Amino acid sequence: MFVLVEMVDTVRIPPWQFERKLNDSIAEELNKKLANKVVYNVGLCICLFDITKLEDAYVFPGDGASHTKVHFRYVVFHPFLDEILIGKIKGCSPEGVHVSLGFFDDILIPPESLQQPAKLYPPRPGSWHSGHSMGSRPARPRLLYVGLSPLFLGLPSDEAEQVWVWEYETEEGAHDLYMDIGEEVRFRVVDESFVDTSPTGPSSAEAASSSEELPKKEAPYTLMGSISEPGLGLLSWWTSS
Amino acid sequence: MARGARPARGPAGVLQAPGVHRGDPGVHRGARSRLWGVRRGAGSRSFSAWSSACAGDPRRRGGEDMEVKDANAALLSNYEVFQLLTDLKEQRKESGKNKHSSGQQNLNTITYETLKYISKTPCKHQSPEIVREFLTAMKSHKLTKAEKLQLLNHRPVTAVEIQLMVEESEERLTEEQIEALLHTVTSILPAGPEAEQQQNASDDVAMDEEDPA
């Protein structure tokens, strides 16, 4: 899950910190710069592991601060492909199941990677979901929901609370295994994508502001997961007791 | 005028002083002695030659960016990260004063969340000796580094979990080997006090049942 990344950077120490030990000032500056931030094509930086090498520090004309070139190693969250991770379900949407690890939130399991057959519940109003709810929970009181769905009331359907359901077939009939919010899931990392969210130049900024639309905030680092194998999915599905 | 600098009026009438150059408002003799890396006796009078004598001046070259030398230098187990963050937390608690400045908030957040996440895994109860023992025991099973790391981080207890973490386990491991692997994992890696209590409770029940016999 975590890797060590070797990096080189120039750290600026302002003069009022000259009384502190150089190593401590540099460690603090590096953590201030990188902790909890995503570096493009590297991962989510957690904290400084150690400083490997400190080169000579220079003071430049017009600036009283010292600049030091530092070789250091940083702990970065960057799961490798096909790694198994355990996270909590944060929510379900038509895009899939959103999983979070606490310190990292942008994990998505798309509908095609869920245990099949799967469907989104509750469905659109007008179609009544049939099937036995003999599975892991009693039938939810959803009669009320279907009758008074937000769409029916004219509210936007984003407010509809939906969960993904695994329709597990056995000889007795279909069990409905719900993927509720807050449940722990074991999933496999199948893909990652880095987006460069550096600010753009003035010309594109003008175009954005003139159209009076807030640019969509994209997560700089997202993971795609899959739970379509035996053993994956909610932990409660696979515990033998 | 800086102390000790005696400007001499040169023939051109331009104010000249050793080590001070026109266009350098902030730099005077005192500051120059604090400059590290500048060759002493760089007597050149032109600004560009003098500042290029300061090796590695980033502003002249347009700034040095941060460079990633190796994005995958080593893999870390959850236990190592847990240890690192706990030590960091202890250190920062001792130093005390500067934790709450806005710059440190990111570090606080990420260490708190990551520590919270790892504390819920069995890695919390490991130690360097346990990890070393685990790796020596794993040598016989011929697994890749990534597979051993996953076994260490997750502590699987069922064959299904082993099949997830070990690639092509049907071809590489027989059923007895999977059982042996499970046994090694569960015996060497600690599960955590709650799970052990449950284990002890079920063992006691079994012992009571054997007594009458």
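A polar contact, as I will use the term this morning, is a pair of N or O atoms within 3.5 Å, where within protein one atom must be able to donate a hydrogen and the other to accept it, and where residues adjacent in sequence count only if both atoms are side-chain atoms. With that rule, the interface of chain A and chain B holds twelve residue pairs in polar contact, both residues being at pLDDT 80 or more.

Before going on, I should say that this is a predicted model, in which local features need pLDDT of at least 70 and side-chain atom pairs count only at pLDDT 80 or more, while totals for chains, interfaces and linings use all residues. Residues are numbered from 1 along each chain as its sequence is written, chains are lettered from A and ligands numbered from 1 in the order in which they are written, and side-chain values use heavy atoms, with hydrogens and water left out.

Let me stay with the interface. Helices (H or I, at least four residues) and strands (E, at least two) are DSSP runs, numbered from the N terminus, and on the side of chain A that touches chain B, at least two residues each come from β1 (2-13), α1 (22-34), β3 (43-59), β4 (66-77), β5 (84-93) and β11 (184-194) of chain A. That side divides into 31 nonpolar, eight polar and 16 charged residues, where Ala, Val, Leu, Ile, Met, Phe, Trp, Tyr, Cys and Pro count as nonpolar, Asp, Glu, Lys and Arg as charged, and the others, Gly among them, as polar. Taking contact to mean heavy atoms within 4.5 Å, 55 residues from chain A and 50 residues from chain B take part. The two chains bury about 4600 Å² between them, 64% of it on carbon and sulfur atoms; buried area here is the accessible area (1.4 Å probe) that two parts lose on being put together, summed over both.

How many salt bridges lie between chain A and chain B? The count is one, and it brings together the side chains of Arg186(A) and Glu161(B), at 3.5 Å from N to O. A salt bridge, to be exact, is a side-chain nitrogen of Lys or Arg within 4 Å of a carboxyl oxygen of Asp or Glu. Over all chains the same rule gives eight salt bridges, and one of them is formed by Lys33(A) and Asp9(A), whose closest N and O atoms are 2.6 Å apart. This pair links distant parts of the chain, since Lys33(A) belongs to helix α1 and Asp9(A) to strand β1, 24 residues apart.

Now to the sheet, which crosses from one chain to the other. Two strands pair if DSSP finds at least two bridges between them, and an open sheet of five strands results, in the order β2(A)-β3(A)-β4(A)-β1(A)-β3(B), with antiparallel pairing. Its edge strands are β2 (38-39) of chain A and β3 of chain B, each of which pairs on one side only. At the chain boundary, β1(A) and β3(B), residues 67-76 of chain B, share six bridges; there Glu6(A) stands opposite Asp70(B), and Leu4(A) has Ala74(B) as its bridge partner.

Toward the other edge, β2(A) and β3(A) are joined by two bridges, and Val38(A) is partnered with Leu44(A). These strands form a hairpin with three residues between them, and Asn41(A) in the turn has a positive phi of about 65°. Between β3(A) and β4(A) there are eleven bridges, with Leu44(A) partnered by Phe77(A); this hairpin has six residues between its strands, and Gly62(A) in the turn has a positive phi of about 85°.

Finally, a look at one residue in strand β12 (residues 221-226) of chain A, namely Thr222(A). Leaving aside neighbours within four places in sequence, Thr222(A) is in contact with Asp106(A), Asp191(A), Glu192(A) and Ser193(A), and its side chain makes a polar contact of 2.7 Å with that of Ser193(A).
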